[in-house]
Structure formats: structure tokens, C-alpha cells
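Dear colleague,

Please find below the structure that I am handing over to you. My findings follow directly after it, with the charged pairs treated before the overall fold.

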Amino acid sequence: MAISERTAQALSAISALAATEKNRDTLRKLKSDYDQWSWKAATEDPWHFMRHFCKTKNEHSQEDDPYQPFPDMEYLRHLLAVWKKVEEKPSNRLLLIAKSRQMMASWFACAMILWICMSRSAKRVGWQSKKSEDADQMLERIYGLYNRLPESVRQANPCERKYLSMRFTTTDCDVHAIPQGPDQVRSYTWSLFVSDEMAFQENDDEAYYALLPALGKVGMGVLISTAGPGHFEQLFNDAVVMSGV
């Protein structure tokens, strides 16, 4: 997950030309070219996508506009690096994130889902929360990120939003929102599956064991929760011990 050398060179060259150009028409053309290459960079690198295109809602923002790109926080960079390592594993692609209320872990997962659905093809993504309404609210958050993308990007990548689902027709990717429990987890084979606030879901252990075969050979599971006793805590502690931390 990094910007290709060709894309980086194009962005650098356009920036250098724009820095000395005086003609307004030429500057507009350079800006259009830069925007196209910047979106190319965003499809190659999710960090570029988050920092330059993906705007989150911050109710406590001191800026006039409450919608701002992801902050350049070290823990978000670390999350992305770990995500990449898990994704590249030959098997057991499970990422456990123990978060605090101040962390943007769920926002991060939403942004990664949007990036995957707009940069890859034929992916089926699941988001599980305690209730269907809660899961759909997270899809609404993803849809909000999508709607704040540039119009030209949205026109090239249309999204169909329905209750409990989203579909990206250009890339043939879809996202499903489901409630707690194992039954709906078994309904599909998932390319990516996110369980949010897993520690507070009933029968989270049954859902976990239903998820493992539903990921198939190449799917990835992301389990996120604030502190809470139960199966998630056990999984997280076991993962820490196995990693040697």
C-alpha cells in the first residue's frame, strides 16, 4: 500500500510546473491534471486517501468546517501498517483492535472499507454491530465519507445506498450491515468483515466461530471493541501473548 513511483513522479512534476506558472488557463489545466493523479495516488495508497480525500465529521472541531481529513496521528499510521501485515498473511487474517473512546478506530475501519470498495473489485464486506440499526448507522457513516468525495470521483464510482446495504456498481463491491449473533455471519463468504464493539454483543463467541469459515481462504476479519470482559478480551489477550508483546 504505497504510491507508485510513476504516480509520485507525476505529482511532483505537476507541482513544480504549477509553482512557476502564471497563466490562469494553464494553472487550471495543471490543477485538473494534479487532481486526477492525486486520486490515482489515493487508489494506490489508503493513507493518501485518508489524508487528502476522506473527510470525517468532528463535532468538536475548532475549524469553521467540521469535516476534516484524517489527522496525521502516529497510531493511525501504525493501524494501517498492522492492517497491511495482517492482509498479507497466508492465513489467519484476523486483526483485533482494543480501542478507547477517543481513538478513531471505527472511523478508520469505515475509511478502509470505502477505500477497498473504490479501489478493488468484487469484494463483499460485512459490518456487524449489536443491533441492525447500529450497523446501518456505520454504513451511513461510510456513505457520508463517500458523499464528501469530489463530485468527479463520485460520478465515476456511483454508490447505491439502501437500508442495511451499499453497492458500488463500477467495482462490483457491496457492504452489508448485520446485527449480533452467528446466523447472518454464515450467510456469505466475506472478503472483509468488521465486528464493532464486539465485547458488548451477545453470543460474540458463536459469531466469532461462525466467522472463521465464512472468511474463506483470503478473507480478513477485523474485531474492534472498547474494554469489556468476555470472549473479545480473551481473544485479544491470547493474541498479545502469541505475538510476544
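I begin with one pair of charged side chains: R77 and D72 form a salt bridge, with 2.8 Å between N and O. Please bear in mind that this is a predicted model, so every value in this message is computed from it. Both partners are partly exposed: R77 has a relative accessible area of 36%, and D72 has one of 41%. Both values fall in the range between 20% and 50% that defines this class. As general background, side chains of opposite charge can pair when their charged atoms come close.

A second salt bridge joins the side chains of R161 and E140, at 3.0 Å from N to O. R161 belongs to strand 5 (residues 159-162) and E140 to helix 6 (residues 132-147), so this pair ties together parts that are 21 residues apart in sequence. E140 counts as partly exposed, at 38% relative accessibility.

A third salt bridge links R167 with D172, whose closest N and O atoms are 2.4 Å apart. R167 is partly exposed, with 30% relative accessibility, and D172 is also partly exposed, with a relative accessible area of 37%. Which residues are linked with this pair in a network of salt bridges? The network consists of R124, R167, D172 and D174. In the whole structure, the search finds 14 salt bridges, and those described above are among them.

The charges may also be viewed across the chain. There are 30 positive and 32 negative side chains in the protein chain, and the centres of these two sets lie 5 Å apart.

I turn next to the backbone, where two residues of one loop deserve your attention. The loop in question runs between strand 8 (192-196) and helix 8 (204-214), and E197 lies in it. Phi of E197 is near 50 degrees, which is a positive value in a residue other than glycine. N203 has its place in the loop between strand 8 and helix 8 as well. Although N203 is not a glycine, its phi is positive, at about 55 degrees.

Are these two loop residues buried or exposed, or do they fall in between? E197 is buried, because its relative accessible area of 16% is under the 20% limit. N203, by contrast, is partly exposed, because its relative accessible area of 40% lies between the limits of 20% and 50%.

Finally, I describe the chain as a whole. The protein chain has nine helices and nine strands. What radius of gyration would a compact globule of 245 residues have? The value would be near 18 Å, and the protein chain has 19 Å, which agrees. Taken along the principal axes, the C-alpha atoms fill a box of roughly 65 × 40 × 40 Å.

Of the 245 residues, 44% count as buried. The accessible surface of the protein chain comes to about 13200 Å², and carbon and sulfur atoms account for 50% of that area. Among contacts in the protein chain with a separation of 6 or more, 70% come from residues 24 or more positions apart.

I would suggest reading these points with the structure open.

Yours sincerely

Methods. Residues numbered from 1 in each chain as written. Predicted model: local features only at pLDDT ≥ 70, side-chain atom pairs only at ≥ 80, totals over all residues. Heavy atoms only, no water. Helix = DSSP H or I, 4+ residues; strand = E, 2+ residues; numbered from the N terminus. Rg over C-alpha atoms; globule rule 2.2 N^0.38 Å. Buried < 20%, exposed > 50% of the residue type's maximum accessible area, 1.4 Å probe, protein only. Contact = heavy atoms within 4.5 Å. Areas by Shrake-Rupley, 256 points an atom, 1.4 Å probe, with all protein chains shown as cover. Lys, Arg positive; Asp, Glu negative; His and termini not counted. Charge placed at Lys NZ, Arg CZ, Asp CG, Glu CD. Salt bridge = Lys/Arg side-chain N within 4 Å of Asp/Glu carboxyl O.
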